[in-house]
Amino acid sequence: MNSMDEFTKGNGRKVCVTGASGFVASWIVKLLLQSGYVVNATVRDPSDPKKTEHLMELEGAKERLHLFKAELMEEGSFDSAVAGCEGVFHVASPVIFTPKDPQADVIDPALKGTHNVLASCKKFSSVKRVIFTSSGAAIFFNGRTLAPDVLVDETWFSDPQLCKGSDVMWYTLSKTLAEEAAWKFAKENEIDMVCMNPTMTIGPMLQPTLNESVASVLNLINGSGLYPNHACPWVHVKNVAEAHIRAFEIPSAKGRYILAERVLHFSEVLEILHEIYPHLVLPHKCVEVLTIMRNKFKVSNSKAKSLGIEFIPFEVSFKETIESLKEKKFVQL
């Protein structure tokens, strides 16, 4: 059931995607349009071709894609985009792993943006379900030791206090707090919400700009010579987009869904890179990033598979990511 042909056809049903110009959101828009939906897509600046050109070139965009200007920090700015929609995919949130001003760059937009989007959803009875894009970051960091015999599932929640204790975990904190706030708002206002928790997401970029997760792959092939002493779960962006749409379409979908194909340490990623591109000079020095994720562990993806997701193997995801980086001239190999 990996083909878009097996999705319930949109048949002109209207949905909204926030932050539509981003890596994951662009793919959600692409697959929604392919499936026949009318899509209201929010972007910060509809006049910026870097944000909108790749969206307007998608199949079906001329007929069924409508762009709306909206700001996460501006109350009511999502009202016009949400009005009349059956589903809202709230994807917009800053993905910045090393912010210059953590509060202004990631915490405030994630928290206030979540409130503002859900407040707009509350205003319109047409909205039947909200799909909230959280992150694996809101799952893994709770003080439990990650080790090869540990299986992480949807019952894990990151601890905000633990995240606050590290300078490198501001993004993690933003996603953890935003998901907490989303669940609270949804419960208090009787909003049917389903939460997606994608892990390190890679694959072909539709947008012209580099995003943080794909940048982690670029850093392995751009000659820096360094790789992180870090194990993490990986997932293809198409699977992430598919899971969002299935969670909207399947009435029984509920709660949270971890999206991950498998966990690999960056040293294993380098081995796969050598197999695909044996001529590359690979990083040789391992540097510490997060000691909490130094060891491999297991992630349960059985709940996501219950949505009908057939996870694309990491090797395919990885190669498609590198080819995309080549195509968009971020690297020459």
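**Notebook: overall fold, helix H11 and two positive phi values**

I began with the contacts in this predicted model, and found that, among those between residues at least 6 apart in sequence, 80% join residues at least 24 apart.

**Overall build.** I then looked up the secondary structure, which comes to 13 helices and 14 strands. The radius of gyration is 19 Å, close to the 20 Å that the globule rule gives for 333 residues, so I noted the protein as being as compact as a globular protein of that length. For the extent of the C-alpha trace I wrote down about 55 × 40 × 40 Å along the principal axes.

**Burial, surface and charge.** Of the 333 residues, I found that 57% are buried. The protein exposes about 14,400 Å², and I noted that carbon and sulfur atoms supply 52% of this area. When I turned to the charged side chains, I recorded 36 positive and 39 negative ones, with the centres of the two sets lying 1 Å apart.

**Helix H11.** Which residues of helix H11 are buried? Within this helix, which covers residues 266–276, I listed Phe266, Val269, Leu270, Ile272 and Leu273 as buried. Seen down the axis of H11, these buried residues fall within an arc of 160°, so I could describe them as lining one face of the helix. This fits the general rule that an α-helix has 3.6 residues a turn, so residues three or four places apart point the same way. On the other side of H11 I found Glu271 and Glu275, which are exposed.

I next asked what covers the buried residues of H11. The cover includes two helices, H9 (212–221) and H13 (314–327), and I also noted among it the strands S9 (226–228), S10 (231–236) and S12 (262–265).

**Positive phi values.** Most residues other than glycine have a negative phi, and I therefore made a separate entry for two that do not follow this pattern.

Glu190 has a phi near 55°, a positive value in a residue other than glycine. I placed Glu190 in the loop between helix H8 (170–188) and strand S7 (193–198), and its relative accessible area of 75% marks this residue as exposed.

Lys329 is not a glycine either, yet I read a positive phi of about 65° for it. Is Lys329 buried or exposed? With a relative accessible area of 72%, Lys329 is exposed, and I located this residue in the segment after H13, the helix that I had already entered as part of the cover over the buried residues of H11.

Definitions and conventions. Residues are numbered from 1 along each chain as its sequence is written. This is a predicted model: local features need pLDDT of at least 70, side-chain atom pairs count only at pLDDT 80 or more; totals for chains, interfaces and linings use all residues. Side-chain values use heavy atoms; hydrogens and water are left out. Helices (H or I, at least four residues) and strands (E, at least two) are DSSP runs, numbered from the N terminus. The radius of gyration is taken over C-alpha atoms; the globule rule is 2.2 Å times the number of residues to the power 0.38. Buried means under 20% relative accessible area, exposed over 50%, partly exposed in between (1.4 Å probe, protein chains only). Contact means heavy atoms within 4.5 Å. Accessible areas come from the Shrake-Rupley method with a 1.4 Å probe; for residues, only the protein chains shown count as cover. Lys and Arg count as positive and Asp and Glu as negative; His and the chain ends are not counted. The place of a charge is taken as NZ of Lys, CZ of Arg, CG of Asp or CD of Glu. The arc is that of the directions from the helix axis to the C-beta atoms.
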